[in-house]
Amino acid sequence: MIGDIRETKECQLKDPMDLFHSGQVVKICAPMVRYSKLAFRTLVRKYSCDLCYTPMIVAADFVRSAKARDSEFTTNKGDHPLIVQFAAKEAQVLCDAARIICPFADGIDLNCGCPQRWAISEGYGACLINKPELVKDMVRHVRNQIDNPKFSVSIKIRIHHDLKRTVDLCQKAEAAGVSWITVHGRSIEERHQPVHYDAIKIIKQSMSIPIVANGDIKSLKDAENVHHLTEADGVMVARGLLANPAMFAGYEETPFQCIQDWVDIALEHGTPFTCFHHHLMYMMERITSKQEKKVFNVLSSTSAVLDYLNDHYGL
């Protein structure tokens, strides 16, 4: 990581807010555990993705351990604009993490949406939507302690059953200086239920900062529909981009060129085999038969995967 970071120091950091002032819907790759790492971010940026997030990083570990910093965060000079997402529950710890990351990224995001049990039991993620004063305090602290006015501070939330509480949380965060808010249109308990796009629209209408809509966006057409339904300034996509990293460029399914690009980028970045293989399994889900999947999904080495792609697709 250190070599990569040195390289980044020479590059020009960007102001993510410029994207929201462009008049276009901002197309965003979500923070995904294990998946939204540098190699995958490099791929989606080739296919019209405007802004990328890192996977969620626990701020306390990041501040405490150089080993955690090296394993959790890698970037390079083409990896911008970049938002680093942190799990945190104490304002000063989040500030310390933001200070470390500030020279190498364009902003941080506080995770207030992760519904996983481990995160909530540790005081991270979605439980923060019930602690608006703490969220406000964390945002304000980072705002006050980071000198760079272009460094963004955003939050990603889920919604309450009583939407007034969500609007109150968002308005408190706005008063503290939050740059934008990403709203996953489900409550903590909801997993595969329909997304409440109407709730995102109400939040958007209650705020004067940009709002990003998140949840069940699987194609560029979906992104356009969600923008129309919610009036959101941006759309954030997770699983849709895993299945088709070229979706923001308008492709209905992953083009072979995108698979070829992934192979090239992953090999260049030294991506671990499991990650390399899993991404291909997601990308080829819609374009392979059941029989092909049976063979492809149990391949156990990079060379076996490369041989398969060459034999079957001439890649």
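**View 1. Helix α6 and the pair D96 and R99.** R99 is partly exposed, with a relative accessible area of 39%, and D96 falls in the partly exposed class as well, at 25% (buried means under 20% relative accessible area, exposed over 50%, partly exposed in between, with a 1.4 Å probe and protein chains only). The two side chains meet in a salt bridge of 3.5 Å, N to O, a term that stands for a side-chain nitrogen of Lys or Arg within 4 Å of a carboxyl oxygen of Asp or Glu. Both residues lie in helix α6 (residues 91–101), three residues apart, about one turn of the helix; helices (H or I, at least four residues) and strands (E, at least two) are DSSP runs, numbered from the N terminus. An α-helix has 3.6 residues a turn, so residues three or four places apart point the same way. The structure is a predicted model, in which local features need pLDDT of at least 70 and side-chain atom pairs count only at pLDDT 80 or more, while totals for chains, interfaces and linings use all residues. Residues are numbered from 1 along each chain as its sequence is written, and side-chain values use heavy atoms, with hydrogens and water left out.

**View 2. Helix α3 and its surroundings.** Helix α3 (residues 38–46) is largely enclosed by the rest of the structure, because seven of its nine residues are buried; these are L38, A39, F40, R41, L43, V44 and R45. They pack against the strands β1 (26–29), β2 (51–53) and β4 (82–87) and against the helices α12 (239–243), α13 (256–269) and α14 (273–284), where contact means heavy atoms within 4.5 Å. Just after α3, S48 takes a positive phi of about 70°.

**View 3. Salt bridges that reach α3 and β1.** R45 in helix α3 forms a salt bridge with D79, the closest N and O atoms being 3.0 Å apart, and this pair links distant parts of the chain, with D79 in the loop between α5 (66–72) and β4, 34 residues from R45. Both partners count as buried, R45 at 17% relative accessibility and D79 at 1%. A second pair joins D50 and K27 at 4.0 Å, N to O, with D50 in the loop between α3 and β2 and K27 in strand β1, 23 residues apart. D50 is partly exposed, with a relative accessible area of 24%.

**View 4. The interface of domain 1 and domain 2.** The domain assignment, automatic or from a database, gives domain 1 (16–248) and domain 2 (256–313). Across their interface the rule finds one salt bridge. K46 forms a salt bridge with D261, with 3.9 Å between the closest N and O atoms. Among the elements of domain 1, α3 gives the most to the side that touches domain 2, with six residues.

**View 5. The annotated site C114.** The UniProt annotation "active site", from an unreviewed entry, covers C114; positions are given in the numbering used here, feature names are shortened, and annotations may be inferred rather than shown by experiment. C114 is found in the loop between β5 (107–112) and α7 (117–121) and is buried, with a relative accessible area of 12%. Leaving aside its neighbours within four places in sequence, C114 is in contact with A119, I120, G125 and A126.
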